[in-house]
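Trainee: Could you take me through this structure and the terms used for it?
Mentor: Gladly. Have a look first.

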Amino acid sequence: MFSLAAIVAISLPFIGAYPIFLMKVFCYALFACGFNLLLGYGGMLSFGHAAFLGGAGYAVGMAVSNWGWSTLSGLVFGVGVASFMGFIFGIFAIRRSGIYLTMITLAIAQMVYFFILQASFTGGEDGMQGIPRGRIFGFDLNNDLNLYYFVSAIAFLGYLACYRIVNSPFGAVMTAIRENEPRAISLGYLVNRHKLILFTLSAGISGLAGALKSLVFASVTLADVSWHMSGLVVLMTLIGGVGTLLGPVLGAVIVVVLESKVGDFSRFMVKLTGWESFQILGQSVSMVIGLIFVICVMAFRRGIVGEVKHFWDQRSRAK
Amino acid sequence: MLLIFGVPLQALLGQVLIGLVNGSFYAVLSLGLAVIFGMLNVINFAHGAFYMMGAFAAWMGLNYLGISYWAMLVLSPLLVGLIAIVFERLLLRHLYRLDHLYGLLLTFGSVLLIEGFFRGVYGVSGMSYPVPSMLSGGVDLPFMYLPIYRIWVIVASLTLCFGVWFAVEKTKLGALLRAATFNSKLVESFGINVPLMITLTFGFGVAMAAFAGVLAAPIMQVSPPMGGTIIIVVFAVVVIGGMGSILGSIVTGLGLGVLEGLTKVYWPEAANTVVFLVMLIVLILRPAGLFGKQN
């Protein structure tokens with residue numbers, strides 16, 4: 001299955017897919033996978049994951065453009081910064097649970113947002129532009145195709161890391177904590193330490209996605225750290241299926257494709273119905289995202305992969 | 001001129017006043033959130049969006065229909081509260097038996113929908129709303145200039161807050177509400193229509209937000225993003241104060257508003273983040289919040 005995915009990834013640019021678009025999908029997919037570690041396997045809904053995505057992006061921008069570091073060390077630095085941020089977020093957030101945890105992550109992420117808005121090195125409203133992609137192992141990353149293979153390889157490794165974390169003894173303990181925290185405590189597990197580690201890992205993987213994204217677009221903007229971005233990653237995970245490994249990937253594909261096609265869709269609807277009001281849909285992607293959000297929460301909470309898996313389980317049980 | 005820690009008294013008092021105004025909004029919004037949370041166990045992410053809708057309703061009423069500020073102060077909360085009741089009946093009520101997080105996610109999706117719609121129609125730039133003539137102008141005190149409208153905002157918000165406090169703590173209906181919050185099954189078995197109470201509570205909590213929105217219209221820019229920025233601060237206020245007590249929400253809201261105003265004077269860079277900083281400190285010292293119950 002993994003080799004099949006690798007073959008598809010290698011061949012996609014040759015059948016006419018646009019590399020930048022694909023890389024965007026991979027970055028978001030990895031972001032959603034990192035987020036899903038926390039929600040799907042730790043049962044903690046964070047509304048502040050944009051801080052890790054954007055924070056790592058800004059860190060890469062600083063290291064590569066301002067300090068002249070190499071691309072690889074820049075990436076490592078970005079992941080390190082995001083993991084450290086995750087550790088700090090975690091220390092505060094796990095003092096409460098449920099809805100309060102969500103509000104706390106949102107508030108700390110908003111602090112990060114204001115910090116980045118006001119700090120002198122981040123370019124404020126404009127963000128950081130023209131981050132050099134540099135070279136890696138002698139390959140020039142300014143070539144989109146080279147960058148594409150690099151990004152897909154790293155994203156794939158990130159996905160494997162998630163797979164490994166979930167299927168490890170640590171992942172099993174996390175699932176136990178999610179299902180029944182008092183019981184996990186009574187069994188002697190250090191619940192808070194586990195939660196904190198998961199927070200850090202989740203932030204690190206989200207940071208890896210953000211670091212790659214800053215190379216792909218050669219820029220980081222305030223949108224990357226805003227609460228809309230935090231909401232978007234929740235949606236991707238929800239559409240695909242919370243607590244499934246493949247779900248967030250599928251969700252990211254759907255959201256990115258949708259974002260780029262909403263304009264076409266609204267033009268089509270205007271032509272079809274002659275009703276100019278459909279124009280609003282195209283101008284405001286967030287409306288469409290919001291609508292899907294509502295539909296997902298109301299109608300299929302398991303997500304696509306979750307529903308398929310549920311259907312499969314029911315069928316095999318019936319036999 | 002009198003200086004306090006190197007700042008003219010006039011500037012200081014001006015910022016304290018602005019802080020009190022913002023604090024009044026925090027108090028009304030966090031109180032609405034707390035009332036809703038008590039009955040529904042849902043954190044209403046769309047509270048900010050309803051606040052924005054309240055302000056927009058006032059603006060639309062004036063510009064499209066020529067309805068005065070005073071009429072809209074009543075009509076806008078009614079209208080937005082009605083929308084909220086429809087929202088609760090159609091969507092929200094199906095999620096009560098599930099994890100609380102789904103209520104949060106549904107209301108978050110609605111924020112994107114509502115905000116996106118207003119962005120699409122009105123853009124992001126703010127629109128101004130005139131101060132009603134009865135409340136325009138100000139009083140020239142020897143030590144500062146006191147704009148009447150800001151005083152009105154503080155008085156109106158506090159009156160509303162204390163009204164809610166009185167209704168919940170001292171009336172028969174409030175007693176029922178508290179009982180239903182504590183154990184809805186038991187109250188239902190006495191023949192009281194709890195689902196209706198839940199719907200009305202949601203409608204009323206949202207109407208409070210819309211009321212704050214109308215109050216805010218003349219002093220803040222009426223714009224689609226106005227709800228999103230304030231609701232995150234209000235979430236922090238709720239974490240700091242805890243949602244256990246009504247008076248706690250009022251005190252925390254006002255106090256943090258004033259603190260924000262003072263920070264604007266002494267350390268302007270931190271003005272946006274000071275509430276979040278306080279939240280972090282409170283989380284370390286009293287994780288359940290200042291007025292919350294430890295469990």
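Mentor: What follows is a set of short questions on terms and values.

Mentor: This is a predicted model, where local features need pLDDT of at least 70, side-chain atom pairs count only at pLDDT 80 or more, and totals for chains, interfaces and linings use all residues. Residues are numbered from 1 along each chain as its sequence is written, while chains are lettered from A and ligands numbered from 1 in the order in which they are written.

Trainee: How many helices and strands are there in chain A?
Mentor: Chain A has 14 helices and 2 strands. These are DSSP runs, numbered from the N terminus: H or I over at least four residues for a helix, E over at least two for a strand.

Trainee: What makes chain A as compact as a globular protein of that length?
Mentor: Its radius of gyration is 20 Å, close to the 20 Å from the globule rule for 319 residues, so chain A is as compact as a globular protein of that length. The radius is taken over C-alpha atoms, and the rule is 2.2 Å times the number of residues to the power 0.38.

Trainee: What about chain B, with its 295 residues?
Mentor: Chain B comes to 11 helices and 4 strands. Its radius of gyration is 19 Å, close to the rule's 19 Å, so chain B too is as compact as a globular protein of its length. Its C-alpha trace spans about 65 × 50 × 35 Å along the principal axes.

Trainee: Why is Ala218(A) called partly exposed?
Mentor: Count the other C-beta atoms, placed from the backbone, within 10 Å of a residue's own: 20 or more is buried, 12 or fewer is exposed, and in between is partly exposed. Ala218(A) has 17, so it is partly exposed. It lies in the loop between α9 (191–217) and α10 of chain A. Its phi is near 55°, a positive value in a residue other than glycine.

Trainee: What makes a positive phi worth a remark?
Mentor: Most residues other than glycine have a negative phi. Asn41(B) also has a positive one, near 60°. With 16 C-beta neighbours inside 10 Å, Asn41(B) counts as partly exposed.

Trainee: Which residues of α5(B) are buried?
Mentor: Arg150(B), Val153(B), Ser157(B), Leu160(B), Cys161(B) and Val164(B) are. Their cover includes α1 (9–40), β4 (145–147), α8 (194–216) and α10 (246–266) of chain B.

Trainee: Why are α11(A) and α14(A) called oblique to each other?
Mentor: Their angle is about 135°, with the axes 7 Å apart. Axes are lines fitted to C-alpha atoms, for helices over the stretch in contact, and angles run from 0 to 180 degrees between N-to-C directions. Under 35 degrees is roughly parallel, over 145 roughly antiparallel, 65 to 115 roughly perpendicular, and the rest oblique. The two helices are therefore oblique.

Trainee: How many residues does each chain bring to the contact between chains A and B?
Mentor: Chain A brings 34 residues and chain B brings 33. Two residues are in contact if their C-beta atoms, placed from the backbone, lie within 7 Å. On the side of chain A, the largest share, 13 residues, comes from α5(A).

Trainee: How does that side of chain A divide by class?
Mentor: Into 22 nonpolar, 9 polar and 3 charged residues. Ala, Val, Leu, Ile, Met, Phe, Trp, Tyr, Cys and Pro count as nonpolar, Asp, Glu, Lys and Arg as charged, and the others, Gly among them, as polar.
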